[in-house]
Each structure stands twice: as structure tokens, then as C-alpha cells.
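Visitor: I have this model open on my bench computer and would like a close look at a single part of it. Could you walk me through one spot and then what surrounds it?

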Amino acid sequence: MTDADSAADSAGDPPENDGQQFDRLPTTADERVVPGRPTREEVVQWWEQRFGVPPETWDGHTFWEKGNGKIWAFAADVVSPIAVEGLGLRILRARQEHWKPSTNAVQRFCRDATENVVVLDDEEAACFARGDDQELPRWDGDWGYVVAAHEIAGDIEPIGVGLYLHGELRSTVPKGRREDLE
Amino acid sequence: MQRLERYASLVDDFDAFRAACERPLPSVVRVNTLKASIERAREALDAEGVAYEATDWHPGVLRLDERGPGTSWPYFHGWLHGQEEVSALPALALDPQPGEVVWDAAAAPGSKTTQLADLMEDEGVLVGNDNNLGRLSALRHNAERLGITNLVVTNQDARNFSFKPFGDRTDDAKRIEAFDKALVDAPCSCEGTIRKNPDALDRWSMTHVESVAGIQKGILRRAIQATKPGGTVVYSTCTFAPEENEAVLDHVLDEGDCEMREWDAPEGFETDPGVTEWDGETYDPSVELAHRVYPHRNDTGGFFCAKLEVTA
């Protein structure tokens with residue numbers, strides 16, 4: 001994470017993230033005021049580098065932080081900060097070494113993903129949707145967070161977020177979204 | 001069921017009404033076109049052998065042969081959402097457009113809210129409010145599962161809804177101080193859900209009807225105040241009681257800042273007009289433009305839906 005926050009230096013303690021409100025992300029590092037807050041540029045680049053999601057995917061969305069490192073995408077713009085319960089879709093957990101995308105973001109925004117997409121067969125897909133981990137030695141791509149996908153109704157569709165480590169695909173489908181689809 | 005006898009004078013063919021109220025409701029899903037086209041969702045259901053029948057009046061509202069949409073791939077992908085058939089009406093009456101600023105005053109758990117987002121093509125600002133924090137988490141869960149990104153979730157008493165969080169009375173160019181359209185799908189005595197919840201009437205009392213009618217008037221009044229002149233407000237309930245329907249409309253019409261507007265129910269969906277006399281009371285004649293939905297007409301739950309235009 002870059003640390004290019006000059007605005008806060010002159011005013012004593014730098015401002016901190018406030019978990020009770022949404023703050024719009026700074027566009028670039030030059031505009032960063034709250035230390036450690038990711039920038040819009042970094043978020044767009046992360047999706048492009050990790051999954052090949054085209055940057056223009058996000059042209060209609062603003063990005064916000066509420067809670068430590070929880071990044072949300074919103075389809076319009078409103079005043080910042082804004083103290084509300086929800087603002088668009090939570091897409092990402094940042095402020096940690098390996099940023100973690102959300103299941104719902106991957107389903108919505110990774111249809112055109114080209115990198116780190118693991119296409120599962122029927123049995124593997126059902127295992128993943130149940131929330132179970134599985135051996136998957138055939139994957140020879142990157143370790144880390146991947147998009148688990150399968151073919152349905154004539155096209156490849158993202159199912160959710162997998163964590164690939166040591167030949168194993170771990171399912172991160174949240175408890176409330178797991179289904180037995182065998 | 002006996003509670004419903006009080007509506008015998010309002011309903012043609014009351015025996016058919018009563019018989020329909022005693023049948024369970026079919027399981028119905030709506031296709032979420034933000035994530036899949038109607039054709040693709042239906043193709044996926046076909047491939048899984050899930051039998052369904054499209055409703056006469058909407059190709060994206062599907063009656064399933066068996067109960068429960070939860071365990072299928074198209075549901076897992078957020079292509080489908082379980083929604084009672086008749087509850088698809090108010091969003092169609094409101095007819096929100098992409099880019100508008102729209103309020104859902106009592107939004108949780110969100111079947112109508114998510115339908116509004118779909119009609120808005122996920123563009124513009126949709127404010128989903130509910131005073132119950134527990135129910136708000138269901139709203140958020142449903143909206144996220146369906147991939148909606150234009151929803152702002154608020155937790156206020158709708159009767160006193162404040163734009164303060166939205167920069168009201170500041171000079172911020174991004175402030176919001178009024179809505180283009182509002183849906184008041186009001187808390188109610190839920191008589192019309194008897195087919196889904198056979199015990200829906202167990203706790204029915206006139207005192208409850210009167211107290212909930214007070215809340216309904218308060219929410220509808222605030223929705224009319226908070227909507228721009230020329231904007232639309234839709235009022236709906238899932239109950240038959242005129243005290244909670246036409247009487248609530250009569251109350252806001254009497255205050256003079258809105259008028260009833262005609263709205264045609266979808267072709268193939270049969271409704272009855274609002275009533276202008278009930279239990280010794282008479283209501284503004286324009287409430288006839290509202291729609292009463294009786295369970296035997298379309299084999300659905302019971303419902304009430306009215307469209308208003310804000311005039312001042």
C-alpha cells in the first residue's frame with residue numbers, strides 16, 4: 001500500500017477510518033487523506049490484474065469504505081461521508097496482505113473475467129456450492145483467490161470465490177449462500 | 001377465516017373467495033434480469049428439470065410445480081427470487097426509470113425493492129428503508145444475492161424520514177432532498193396472506209387494524225411530502241380492510257397535496273375497483289381508481305394497490 005498522504009501531515013494525528021459511515025475512496029494516492037485507505041485506481045487495477053476484469057466495467061460505479069477495509073461499489077454518487085446501513089454491493093476486503101473479493105461481487109462482475117478462473121465440472125461445482133473443499137490438482141494457475149465457475153444455460157457463469165492452495169480448492173461460499181445442488 | 005366474513009358484501013362470488021383463501025398458494029419466482037435474461041433463466045430451469053409455468057400476465061414471473069425455489073442453480077446464481085405473484089404489482093404501478101431517485105419506505109425483506117432495482121436497470125438511486133434492523137439484514141442479503149448496486153439501505157422511522165444523511169440543506173452538489181417516486185408497501189393486518197400463513201388472522205382485532213391504519217397514514221403522508229411535485233407515489237397493502245386501504249387514501253387526498261391516478265393492471269390480471277362506502281363511512285370517489293385483488297380472481301394472495309400523483 002502506498003503512503004502518499006500529505007494532507008494529513010500538517011494537522012497532527014491523521015484521520016482514521018470511521019466504521020459508522022461510508023467514505024468515498026480517493027481517486028488516486030495524491031488525494032488520499034485517511035492512511036491505508038485504498039484508492040479507486042488501486043481497486044480497479046486489482047480486479048484487472050487478478051481476474052482480467054476490464055477497467056471500464058466500473059465506469060458507472062463509485063467506491064466506498066465502511067468498516068476496516070470493506071469496500072463497496074455503488075451505481076450512483078451521493079454525499080461523502082454518508083451514515084447509512086448499506087450503499088450498493090460489498091465487493092472486496094482490502095487493508096490486508098491478500099485482498100479478498102466477495103461472492104456477490106464475483107457473481108456480478110466476473111462474467112468477463114479472463115484470469116484465475118477455475119471452470120468446474122458438475123460434480124465439482126456442486127461440491128463448491130455446498131461450501132466443501134476439494135482436491136483439484138489439475139489447476140496450474142496462480143495460488144490465492146480464484147473465481148470458481150461452471151457452464152450453465154450455454155455460457156460460463158461465476159459461482160463464487162475459491163482459495164487455491166497446495167493442490168486444494170477451498171470454497172469461501174458464505175454459510176447463508178450454501179446449497180446442496182447435487 | 002371467519003374474520004373475512006365481514007367482506008362478504010364487497011366481494012362478488014364470496015363462496016369462491018372463501019374457497020380460494022383455503023387453498024395453499026403456488027410457489028412463485030421472479031426472474032432477476034440484472035443477472036440473467038428471462039430466456040436464460042428458463043433454459044437453466046428446463047435443464048435441471050424444474051417444472052414451471054409462466055403467468056399469463058408476465059413472462060418473468062414463474063409458477064413452480066413444486067414448492068421452494070431455493071435449491072436450484074439459477075436460484076444460487078441470483079437469477080431468481082421468490083416473490084408472491086400479486087406482490088409484483090406495486091413496482092409495475094410505480095414504473096421507476098433508470099436514473100431516478102426512488103424511495104421504498106418499508107422495504108424489508110426486499111422482494112419489491114429488488115424488483116424496483118431491476119426495473120431501474122440498477123441505475124439511479126434506490127433508497128430502501130425499514131425501521132426494523134433485523135429485517136434490514138434480510139433486505140441486504142437479498143439485494144446482494146441479486147447483484148444490486150444502486151440500493152442505499154437506511155434504518156429510519158418512515159413517518160419521520162430525514163434526508164439529513166443525504167446532505168439535505170447543504171450546498172453539496174450530490175445532496176438528495178426529494179424523491180422522484182416512492183413506494184409505500186405498508187405494514188398491515190396481512191389478511192390477504194391467509195393462503196401463505198393460515199394463522200394470519202389469529203391475532204386480528206379491530207384495535208390492531210386501527211393502530212396500523214394510523215401508521216399507514218403517517219408513512220403515506222411522509223412519502224407524499226418527500227416526493228417532488230409531479231412525482232408518483234404508490235400505496236399498497238396485502239389486506240382487504242377498507243380501514244387500511246381506501247380510508248388511508250381518503251385521508252391523504254383530504255390533505256390536498258396529491259390526486260389519484262388511473263393505472264391499468266397488466267393484461268390478463270383481474271382486479272376490482274376501490275370501494276367508496278364502508279361501515280357507514282364514505283370515501284373520496286376517486287379511490288375507485290385503486291385496485292383490489294381478491295384471491296379467487298387470479299389464484300393469488302389478496303392485495304390492494306393505488307397510484308397517486310403528487311400535486312404540490
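With which side chain does the side chain of B:Asp122 make a polar contact?

Guide: Happy to take you there. The model is a predicted one, so please read each distance below as computed from that prediction. The partner of B:Asp122 is A:Arg108: their side chains make a polar contact at 2.6 Å.

Let's place the residue in its own chain. B:Asp122 sits in the loop of chain B that runs between α5 (111–119) and β6 (125–129). Its relative accessible area is 5%, so B:Asp122 counts as buried, the cut-off being under 20%. A second polar link stays within chain B: a polar atom of the B:Asp122 side chain lies 2.9 Å from the backbone nitrogen of B:Asn150.

Now look at the wider surroundings. Leaving out residues up to four places away in sequence, B:Asp122 touches A:Ala75 and A:Arg108 on chain A. On chain B, with the same residues left out, B:Asp122 touches B:Leu34, B:Ala117, B:Gly147, B:Ile148, B:Thr149 and B:Asn150.

One of those neighbours leads to the next stop. B:Gly147, which B:Asp122 touches, comes just after α6(B) and takes a positive phi of about 75°. Helix α6 itself covers residues 133–145 of chain B, 13 residues in total. From first C-alpha to last, α6(B) reaches 19 Å, close to the 18 Å expected at 1.5 Å a residue. At the N-terminal end of α6(B), B:Asn132 acts as the cap, with a side-chain oxygen 2.9 Å from the backbone nitrogen of B:Gly134. The buried residues of this helix are B:Leu136, B:Leu139, B:Asn142, B:Ala143, B:Glu144 and B:Arg145. As background, an α-helix has 3.6 residues a turn, so residues three or four places apart point the same way.

The contact with A:Arg108 crosses from chain B to chain A, and here is the rest of that meeting of chains. In all, 39 residues of chain B are in contact with 41 residues of chain A. The area buried between the two chains is about 3200 Å², and carbon and sulfur atoms give 59% of it. Between chain B and chain A there are 19 residue pairs in polar contact, both residues being at pLDDT 80 or more. On the side of chain B that touches chain A, the elements giving two or more residues are α2 (38–47), α3 (73–76), α6 and β7 (151–154). Of these, α6(B) gives the most, with six residues. The two chains also share three salt bridges. One of them pairs A:Asp77 with B:Lys174, whose closest N and O atoms are 3.4 Å apart.

Finally, step back to the nonpolar interior. The largest nonpolar core holds 62 residues, and those touching the most other members are A:Ile82, B:Trp103, B:Val184, B:Leu220, B:Val233, B:Leu249 and B:Leu308. Helix α7 of chain B, residues 206–226, gives the most to this core, with six residues. A second, separate core has 32 residues, among them B:Ala88, B:Val153, B:Val293 and B:Phe303. Back in the largest core, you can pick out B:Leu308: among the residues that B:Leu308 touches are B:Leu220, B:Val233 and B:Leu249.

Terms used: Residues numbered from 1 in each chain as written. Chains lettered and ligands numbered in written order. Predicted model: local features only at pLDDT ≥ 70, side-chain atom pairs only at ≥ 80, totals over all residues. Heavy atoms only, no water. Core = buried A, V, L, I, M, F, W, Y, C linked by side-chain atoms within 4.5 Å. Buried < 20%, exposed > 50% of the residue type's maximum accessible area, 1.4 Å probe, protein only. Helix = DSSP H or I, 4+ residues; strand = E, 2+ residues; numbered from the N terminus. Contact = heavy atoms within 4.5 Å. Expected span 1.5 Å × (residues − 1). Polar contact = N/O pair within 3.5 Å; in protein donor to acceptor, adjacent residues only side chain to side chain. Buried area = accessible area lost by both parts, 1.4 Å probe. Salt bridge = Lys/Arg side-chain N within 4 Å of Asp/Glu carboxyl O.
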